[in-house]
Amino acid sequence: MSLTPESQGLTLTVLGCGTMGISILGGVMATLADTRLRSHIPSPSPSGTSTPATEPPERLPSKFIACDSRREAEKTVKAGLGHYNFPLTTLTNENIRGASQADVILLACKPQGFKDILGEKGMKEAIAGKLLISILAGVTGKQIEDFLYPDGVPENACRVVRVMPNTASAVRESMSVIAASNPPLSPAQHSLVTWIFNSIGRTVSLPPTNMDACTALCGSGPAFFALMLEAVADGAVAMGLPRQEAQTMAAQTMRGTAGLVLNGEHPAMLRDKVSTPGGCTIGGLLVLEEGTVRGTVARAVREATVVASQLGQGVQGVNGTRR
Ligand SMILES: NC(=O)C1=CN([C@@H]2O[C@H](COP(=O)(O)OP(=O)(O)OC[C@H]3O[C@@H](n4cnc5c(N)ncnc54)[C@H](OP(=O)(O)O)[C@@H]3O)[C@@H](O)[C@H]2O)C=CC1
Ligand SMILES: O=C(O)[C@@H]1CCC=N1
(Lines give C-alpha, C1' and ligand atoms only; values in the text may rest on other atoms or scores of the structure.)
(Ligands and ions follow the chains in the order given, each with its own letter.)
Protein backbone atom coordinates (compact mmCIF):
# COMPACT_ATOMS: atom_id res chain seq x y z
CA MET A 1 0.00 0.00 0.00
CA SER A 2 1.45 3.39 -0.88
CA LEU A 3 1.70 6.06 1.75
CA THR A 4 -1.06 8.62 1.87
CA PRO A 5 0.65 12.01 1.96
CA GLU A 6 -0.24 13.75 5.21
CA SER A 7 -1.80 16.65 3.30
CA GLN A 8 -4.31 14.26 1.73
CA GLY A 9 -4.81 12.00 4.72
CA LEU A 10 -7.77 11.78 7.07
CA THR A 11 -8.04 13.27 10.52
CA LEU A 12 -8.95 10.72 13.18
CA THR A 13 -10.36 12.21 16.37
CA VAL A 14 -10.72 10.19 19.56
CA LEU A 15 -13.37 11.35 22.03
CA GLY A 16 -12.31 9.98 25.43
CA CYS A 17 -8.61 9.24 25.35
CA GLY A 18 -8.01 6.80 28.20
CA THR A 19 -6.69 3.25 28.04
CA MET A 20 -8.41 2.25 24.81
CA GLY A 21 -8.16 5.56 22.99
CA ILE A 22 -4.40 5.57 23.48
CA SER A 23 -4.06 1.84 22.68
CA ILE A 24 -5.90 2.20 19.40
CA LEU A 25 -4.13 5.38 18.37
CA GLY A 26 -0.80 3.76 19.27
CA GLY A 27 -1.55 0.69 17.15
CA VAL A 28 -2.72 2.73 14.16
CA MET A 29 0.29 5.04 14.36
CA ALA A 30 2.69 2.08 14.62
CA THR A 31 1.21 0.59 11.44
CA LEU A 32 1.37 3.91 9.63
CA ALA A 33 4.95 4.37 10.78
CA ASP A 34 5.80 0.92 9.34
CA THR A 35 4.07 1.87 6.11
CA ARG A 36 6.07 5.09 6.03
CA LEU A 37 9.28 3.10 6.50
CA ARG A 38 8.36 0.50 3.87
CA SER A 39 7.67 3.19 1.31
CA HIS A 40 11.37 4.12 1.61
CA ILE A 41 12.92 0.71 2.22
CA PRO A 42 11.60 -2.17 0.08
CA SER A 43 10.82 -5.12 2.35
CA PRO A 44 8.83 -8.37 2.23
CA SER A 45 5.19 -8.24 3.38
CA PRO A 46 4.86 -8.40 7.14
CA SER A 47 3.74 -11.71 8.60
CA GLY A 48 1.48 -10.01 11.15
CA THR A 49 -1.84 -11.31 12.35
CA SER A 50 -4.01 -8.92 10.37
CA THR A 51 -6.97 -10.35 8.60
CA PRO A 52 -6.66 -9.70 4.86
CA ALA A 53 -8.28 -6.35 4.22
CA THR A 54 -10.99 -5.67 1.74
CA GLU A 55 -9.99 -2.95 -0.72
CA PRO A 56 -7.73 -0.56 1.21
CA PRO A 57 -9.21 2.90 1.70
CA GLU A 58 -8.16 5.62 -0.71
CA ARG A 59 -7.19 7.86 2.18
CA LEU A 60 -5.62 6.73 5.44
CA PRO A 61 -5.55 8.58 8.74
CA SER A 62 -2.55 10.89 8.92
CA LYS A 63 -3.54 13.47 11.56
CA PHE A 64 -4.82 12.73 15.01
CA ILE A 65 -6.77 14.61 17.65
CA ALA A 66 -7.08 13.25 21.17
CA CYS A 67 -9.91 14.76 23.23
CA ASP A 68 -10.45 14.12 26.89
CA SER A 69 -12.10 15.78 29.85
CA ARG A 70 -8.97 15.52 32.03
CA ARG A 71 -6.03 17.84 31.48
CA GLU A 72 -3.62 15.06 32.61
CA ALA A 73 -4.71 13.02 29.60
CA GLU A 74 -2.79 15.45 27.37
CA LYS A 75 0.44 14.40 29.07
CA THR A 76 -0.36 10.70 28.91
CA VAL A 77 -1.28 10.94 25.23
CA LYS A 78 1.89 12.82 24.33
CA ALA A 79 4.05 10.46 26.41
CA GLY A 80 2.47 7.39 24.80
CA LEU A 81 2.19 8.59 21.21
CA GLY A 82 4.52 11.56 20.67
CA HIS A 83 7.43 9.40 19.50
CA TYR A 84 5.55 8.36 16.35
CA ASN A 85 5.91 11.93 15.09
CA PHE A 86 2.49 12.18 13.47
CA PRO A 87 0.60 15.45 13.71
CA LEU A 88 -1.18 15.00 17.05
CA THR A 89 -3.35 17.57 18.78
CA THR A 90 -4.51 17.10 22.36
CA LEU A 91 -7.63 18.92 23.52
CA THR A 92 -9.19 19.16 26.97
CA ASN A 93 -12.94 19.72 27.17
CA GLU A 94 -13.06 20.66 23.50
CA ASN A 95 -14.89 17.72 22.01
CA ILE A 96 -16.80 19.86 19.52
CA ARG A 97 -13.60 21.36 18.15
CA GLY A 98 -12.04 17.89 17.88
CA ALA A 99 -15.09 16.43 16.18
CA SER A 100 -15.45 19.39 13.76
CA GLN A 101 -11.92 18.89 12.49
CA ALA A 102 -12.32 15.13 12.11
CA ASP A 103 -13.04 12.97 9.10
CA VAL A 104 -13.57 9.92 11.28
CA ILE A 105 -14.38 9.84 14.98
CA LEU A 106 -13.65 7.15 17.54
CA LEU A 107 -15.92 7.29 20.56
CA ALA A 108 -13.96 5.78 23.46
CA CYS A 109 -15.45 7.23 26.65
CA LYS A 110 -17.04 5.09 29.35
CA PRO A 111 -20.34 3.50 28.25
CA GLN A 112 -22.45 5.72 30.50
CA GLY A 113 -20.70 8.84 29.15
CA PHE A 114 -21.89 8.78 25.57
CA LYS A 115 -24.93 11.00 26.12
CA ASP A 116 -22.80 13.71 27.73
CA ILE A 117 -20.45 13.80 24.77
CA LEU A 118 -22.90 13.30 21.92
CA GLY A 119 -25.43 15.58 23.61
CA GLU A 120 -23.02 18.55 23.70
CA LYS A 121 -24.42 21.59 21.93
CA GLY A 122 -23.13 21.58 18.36
CA MET A 123 -21.99 17.94 18.37
CA LYS A 124 -24.67 16.80 15.91
CA GLU A 125 -23.44 19.40 13.44
CA ALA A 126 -19.77 18.60 14.12
CA ILE A 127 -20.21 14.92 13.26
CA ALA A 128 -22.71 15.33 10.41
CA GLY A 129 -21.91 13.11 7.44
CA LYS A 130 -18.91 11.52 9.20
CA LEU A 131 -18.11 8.00 10.32
CA LEU A 132 -18.56 7.56 14.08
CA ILE A 133 -16.95 4.40 15.44
CA SER A 134 -18.14 3.42 18.91
CA ILE A 135 -16.20 0.93 21.02
CA LEU A 136 -18.43 1.35 24.08
CA ALA A 137 -19.37 -1.85 25.86
CA GLY A 138 -23.09 -2.46 26.06
CA VAL A 139 -24.16 0.54 23.99
CA THR A 140 -25.80 -0.46 20.72
CA GLY A 141 -25.45 1.45 17.47
CA LYS A 142 -29.22 1.91 17.51
CA GLN A 143 -29.09 3.50 20.98
CA ILE A 144 -26.57 6.03 19.70
CA GLU A 145 -28.62 6.77 16.58
CA ASP A 146 -31.84 7.08 18.56
CA PHE A 147 -30.15 9.45 20.97
CA LEU A 148 -28.69 11.62 18.21
CA TYR A 149 -31.73 11.52 15.94
CA PRO A 150 -34.89 10.97 18.01
CA ASP A 151 -37.02 12.33 15.15
CA GLY A 152 -35.55 10.01 12.51
CA VAL A 153 -32.21 9.81 10.78
CA PRO A 154 -31.68 12.88 8.57
CA GLU A 155 -29.88 12.91 5.23
CA ASN A 156 -26.64 14.36 6.64
CA ALA A 157 -26.54 12.09 9.70
CA CYS A 158 -23.26 10.62 10.86
CA ARG A 159 -22.86 6.91 10.20
CA VAL A 160 -22.50 4.90 13.40
CA VAL A 161 -20.57 1.64 13.46
CA ARG A 162 -19.99 -0.42 16.57
CA VAL A 163 -16.69 -2.23 17.06
CA MET A 164 -15.39 -4.23 20.02
CA PRO A 165 -11.58 -4.25 20.09
CA ASN A 166 -9.31 -5.05 23.01
CA THR A 167 -6.37 -3.54 24.80
CA ALA A 168 -3.85 -5.54 22.75
CA SER A 169 -4.53 -2.87 20.10
CA ALA A 170 -1.47 -1.18 21.57
CA VAL A 171 0.74 -4.04 20.31
CA ARG A 172 -1.36 -4.59 17.17
CA GLU A 173 -2.71 -7.90 18.44
CA SER A 174 -6.30 -6.88 19.05
CA MET A 175 -9.23 -9.13 18.26
CA SER A 176 -11.80 -6.64 17.03
CA VAL A 177 -15.38 -7.49 16.19
CA ILE A 178 -17.10 -5.15 13.76
CA ALA A 179 -20.87 -5.25 14.16
CA ALA A 180 -22.58 -5.83 10.82
CA SER A 181 -24.38 -2.67 9.74
CA ASN A 182 -27.85 -2.54 8.29
CA PRO A 183 -28.04 -0.89 5.81
CA PRO A 184 -24.42 -1.73 4.99
CA LEU A 185 -21.75 0.93 5.28
CA SER A 186 -20.67 2.57 2.04
CA PRO A 187 -17.66 0.80 0.46
CA ALA A 188 -15.41 3.71 1.53
CA GLN A 189 -16.65 3.57 5.14
CA HIS A 190 -16.40 -0.21 5.21
CA SER A 191 -12.84 -0.23 3.92
CA LEU A 192 -11.81 2.52 6.35
CA VAL A 193 -13.18 0.84 9.46
CA THR A 194 -11.78 -2.52 8.32
CA TRP A 195 -8.38 -0.97 7.66
CA ILE A 196 -8.26 0.75 11.05
CA PHE A 197 -8.99 -2.43 12.98
CA ASN A 198 -6.96 -4.74 10.73
CA SER A 199 -4.05 -2.39 11.29
CA ILE A 200 -4.20 -3.19 15.01
CA GLY A 201 -4.87 -6.94 14.84
CA ARG A 202 -7.52 -9.25 13.48
CA THR A 203 -11.14 -8.49 12.66
CA VAL A 204 -14.33 -10.46 12.26
CA SER A 205 -17.80 -9.18 11.53
CA LEU A 206 -20.80 -10.49 13.46
CA PRO A 207 -24.43 -9.43 13.94
CA PRO A 208 -25.09 -6.67 16.50
CA THR A 209 -26.90 -9.18 18.74
CA ASN A 210 -23.58 -10.96 19.36
CA MET A 211 -21.73 -7.88 20.56
CA ASP A 212 -22.17 -8.40 24.31
CA ALA A 213 -20.70 -11.90 24.11
CA CYS A 214 -17.91 -10.49 21.91
CA THR A 215 -17.28 -7.87 24.58
CA ALA A 216 -16.89 -10.59 27.21
CA LEU A 217 -14.68 -12.79 25.03
CA CYS A 218 -12.51 -10.26 23.20
CA GLY A 219 -12.85 -7.06 25.22
CA SER A 220 -12.51 -8.65 28.66
CA GLY A 221 -10.53 -11.64 27.37
CA PRO A 222 -7.05 -10.17 27.95
CA ALA A 223 -7.88 -9.84 31.66
CA PHE A 224 -9.08 -13.45 31.84
CA PHE A 225 -6.00 -14.75 30.04
CA ALA A 226 -3.76 -12.58 32.22
CA LEU A 227 -5.22 -14.28 35.29
CA MET A 228 -4.51 -17.70 33.80
CA LEU A 229 -1.02 -16.55 32.86
CA GLU A 230 -0.32 -15.38 36.41
CA ALA A 231 -1.68 -18.62 37.82
CA VAL A 232 0.59 -20.88 35.77
CA ALA A 233 3.56 -18.65 36.54
CA ASP A 234 2.70 -18.77 40.26
CA GLY A 235 2.67 -22.55 40.10
CA ALA A 236 6.13 -22.57 38.54
CA VAL A 237 7.42 -20.02 41.07
CA ALA A 238 6.10 -22.26 43.83
CA MET A 239 8.21 -25.03 42.35
CA GLY A 240 11.32 -22.87 42.31
CA LEU A 241 11.43 -20.96 39.02
CA PRO A 242 12.46 -17.30 39.13
CA ARG A 243 9.42 -14.96 38.79
CA GLN A 244 10.57 -13.01 35.75
CA GLU A 245 11.49 -16.09 33.72
CA ALA A 246 8.30 -17.86 34.79
CA GLN A 247 6.20 -14.93 33.56
CA THR A 248 8.00 -14.76 30.20
CA MET A 249 7.71 -18.53 29.80
CA ALA A 250 4.00 -18.40 30.61
CA ALA A 251 3.39 -15.58 28.12
CA GLN A 252 5.38 -17.23 25.31
CA THR A 253 3.66 -20.56 25.96
CA MET A 254 0.28 -18.83 25.76
CA ARG A 255 1.33 -17.15 22.53
CA GLY A 256 2.54 -20.49 21.08
CA THR A 257 -0.71 -22.19 21.97
CA ALA A 258 -2.67 -19.38 20.36
CA GLY A 259 -0.45 -19.66 17.28
CA LEU A 260 -1.21 -23.37 16.92
CA VAL A 261 -4.96 -22.80 17.26
CA LEU A 262 -4.90 -19.88 14.82
CA ASN A 263 -3.02 -22.21 12.46
CA GLY A 264 -5.98 -24.59 12.47
CA GLU A 265 -5.20 -26.96 15.34
CA HIS A 266 -8.31 -27.97 17.31
CA PRO A 267 -7.83 -27.25 21.04
CA ALA A 268 -8.95 -30.75 22.02
CA MET A 269 -6.46 -32.34 19.60
CA LEU A 270 -3.77 -30.05 20.93
CA ARG A 271 -4.48 -31.22 24.47
CA ASP A 272 -4.34 -34.86 23.35
CA LYS A 273 -1.04 -34.36 21.56
CA VAL A 274 0.58 -32.79 24.60
CA SER A 275 -0.75 -35.47 26.94
CA THR A 276 1.82 -38.26 26.65
CA PRO A 277 0.25 -41.44 28.07
CA GLY A 278 1.28 -41.88 31.67
CA GLY A 279 2.89 -38.41 31.55
CA CYS A 280 2.68 -35.21 33.53
CA THR A 281 0.27 -33.22 31.32
CA ILE A 282 -2.71 -35.50 31.83
CA GLY A 283 -2.01 -35.36 35.56
CA GLY A 284 -2.19 -31.56 35.49
CA LEU A 285 -5.23 -31.48 33.22
CA LEU A 286 -7.23 -33.75 35.51
CA VAL A 287 -6.50 -31.45 38.45
CA LEU A 288 -7.85 -28.54 36.37
CA GLU A 289 -11.01 -30.55 35.63
CA GLU A 290 -11.44 -31.42 39.31
CA GLY A 291 -11.33 -27.66 39.97
CA THR A 292 -14.09 -27.15 37.35
CA VAL A 293 -11.83 -24.66 35.59
CA ARG A 294 -13.63 -25.08 32.27
CA GLY A 295 -17.06 -24.37 33.76
CA THR A 296 -15.71 -21.54 35.89
CA VAL A 297 -13.94 -19.83 32.99
CA ALA A 298 -16.98 -20.27 30.74
CA ARG A 299 -19.14 -18.88 33.53
CA ALA A 300 -16.91 -15.81 33.75
CA VAL A 301 -17.50 -15.16 30.06
CA ARG A 302 -21.25 -15.67 30.56
CA GLU A 303 -21.26 -13.32 33.55
CA ALA A 304 -19.29 -10.65 31.68
CA THR A 305 -21.74 -10.96 28.77
CA VAL A 306 -24.70 -10.26 31.05
CA VAL A 307 -22.91 -7.36 32.73
CA ALA A 308 -21.85 -5.94 29.35
CA SER A 309 -25.46 -5.98 28.19
CA GLN A 310 -26.39 -3.77 31.15
CA LEU A 311 -23.59 -1.24 30.84
CA GLY A 312 -25.27 0.97 28.31
CA GLN A 313 -28.73 0.64 29.87
CA GLY A 314 -28.13 2.76 32.95
CA VAL A 315 -28.46 -0.26 35.24
CA GLN A 316 -26.99 0.51 38.67
CA GLY A 317 -24.70 -1.94 40.51
CA VAL A 318 -24.12 -4.21 37.52
CA ASN A 319 -21.57 -6.23 39.43
CA GLY A 320 -23.67 -6.77 42.52
CA THR A 321 -24.02 -10.38 43.58
CA ARG A 322 -26.88 -12.08 41.82
CA ARG A 323 -27.95 -15.10 43.83
N1 LIG B 1 -10.42 -1.17 28.67
C2 LIG B 1 -10.61 -2.10 27.75
O3 LIG B 1 -9.83 -3.07 27.66
C4 LIG B 1 -11.76 -2.00 26.81
C5 LIG B 1 -12.70 -0.97 26.90
N6 LIG B 1 -13.70 -0.89 25.97
C7 LIG B 1 -14.64 0.24 26.02
O8 LIG B 1 -13.88 1.37 25.68
C9 LIG B 1 -14.36 2.51 26.37
C10 LIG B 1 -13.20 3.19 27.08
O11 LIG B 1 -12.66 2.30 28.03
P12 LIG B 1 -11.29 2.65 28.77
O13 LIG B 1 -10.35 3.23 27.78
O14 LIG B 1 -10.94 1.46 29.55
O15 LIG B 1 -11.80 3.80 29.75
P16 LIG B 1 -10.99 5.02 30.34
O17 LIG B 1 -11.75 5.49 31.51
O18 LIG B 1 -9.56 4.66 30.49
O19 LIG B 1 -11.07 6.10 29.16
C20 LIG B 1 -12.18 6.93 28.93
C21 LIG B 1 -11.70 8.36 28.93
O22 LIG B 1 -12.76 9.22 28.53
C23 LIG B 1 -12.70 10.37 29.36
N24 LIG B 1 -13.94 11.11 29.38
C25 LIG B 1 -14.99 11.01 30.24
N26 LIG B 1 -15.94 11.92 29.93
C27 LIG B 1 -15.48 12.60 28.85
C28 LIG B 1 -15.99 13.69 28.10
N29 LIG B 1 -17.18 14.24 28.37
N30 LIG B 1 -15.26 14.15 27.08
C31 LIG B 1 -14.04 13.61 26.78
N32 LIG B 1 -13.51 12.60 27.48
C33 LIG B 1 -14.21 12.09 28.49
C34 LIG B 1 -12.35 9.77 30.69
O35 LIG B 1 -11.99 10.75 31.66
P36 LIG B 1 -12.36 10.40 33.21
O37 LIG B 1 -11.43 9.32 33.64
O38 LIG B 1 -12.11 11.70 33.90
O39 LIG B 1 -13.79 9.97 33.24
C40 LIG B 1 -11.25 8.82 30.31
O41 LIG B 1 -9.99 9.46 30.23
C42 LIG B 1 -15.44 2.02 27.32
O43 LIG B 1 -16.68 2.36 26.80
C44 LIG B 1 -15.25 0.52 27.38
O45 LIG B 1 -16.46 -0.13 27.53
C46 LIG B 1 -13.81 -1.75 24.92
C47 LIG B 1 -12.92 -2.77 24.78
C48 LIG B 1 -11.85 -3.01 25.73
O1 LIG C 1 -14.54 -4.00 31.64
C2 LIG C 1 -15.15 -3.34 30.81
O3 LIG C 1 -16.31 -2.96 31.02
C4 LIG C 1 -14.50 -3.01 29.48
C5 LIG C 1 -15.26 -3.57 28.31
C6 LIG C 1 -14.46 -4.73 27.84
C7 LIG C 1 -13.19 -4.58 28.52
N8 LIG C 1 -13.21 -3.63 29.39
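A residue counts as buried here if 20 or more other C-beta atoms lie within 10 Å of its own. In this predicted model, helix H1 (residues 19–38) makes a good starting point. Buried residues of H1 include Met20, Gly21, Ile22, Ser23, Ile24 and Leu25, and further along the helix come Gly26, Gly27, Val28, Met29, Thr31 and Leu32. The buried residues of H1 pack against quite a list of partners: S1, strand S2 (61–68), helix H2 (72–81), S4, strand S7 (174–179) and helix H7 (187–198). As for its length, the 20 residues of H1 should span 28 Å at 1.5 Å a residue, and the 29 Å between its end C-alpha atoms agrees with that.

H1 also gives the most to the largest nonpolar core, with seven residues. That core holds 64 residues, of which Ile105, Leu107, Ile133 and Val163 touch the most other members. Because domain 1 (10–38 + 53–206) and domain 2 (214–309) both give residues to the core, it lies between them. Take Val163: leaving aside residues up to four places away in sequence, Val163 touches Ile133, Ile135, Ser176, Val177, Ile178, Ala179, Val193 and Phe197.

Then there is the annotation. An unreviewed UniProt entry places a "binding site" feature at several positions, among them Gly18 and Lys110. Gly18 sits in the loop between strand S1 (10–15) and H1, while Lys110 is in the loop between strand S4 (104–107) and helix H4 (114–118). Gly18 has 17 C-beta neighbours inside 10 Å and so counts as partly exposed. Lys110, with 13 such neighbours, counts as partly exposed too.

Technical notes
Residues are numbered from 1 along each chain as its sequence is written. Chains are lettered from A and ligands numbered from 1 in the order in which they are written. This is a predicted model: local features need pLDDT of at least 70, side-chain atom pairs count only at pLDDT 80 or more; totals for chains, interfaces and linings use all residues. A nonpolar core is a set of buried Ala, Val, Leu, Ile, Met, Phe, Trp, Tyr and Cys residues joined through C-beta atoms within 7 Å. A residue is buried if 20 or more other C-beta atoms lie within 10 Å of its own, exposed if 12 or fewer, and partly exposed in between; C-beta atoms are placed from the backbone. Helices (H or I, at least four residues) and strands (E, at least two) are DSSP runs, numbered from the N terminus. Domain bounds come from an automatic or database domain assignment. Two residues are in contact if their C-beta atoms, placed from the backbone, lie within 7 Å. UniProt positions are given in the numbering used here, feature names are shortened, and annotations may be inferred rather than shown by experiment. The expected span of a helix is 1.5 Å times one less than its number of residues.
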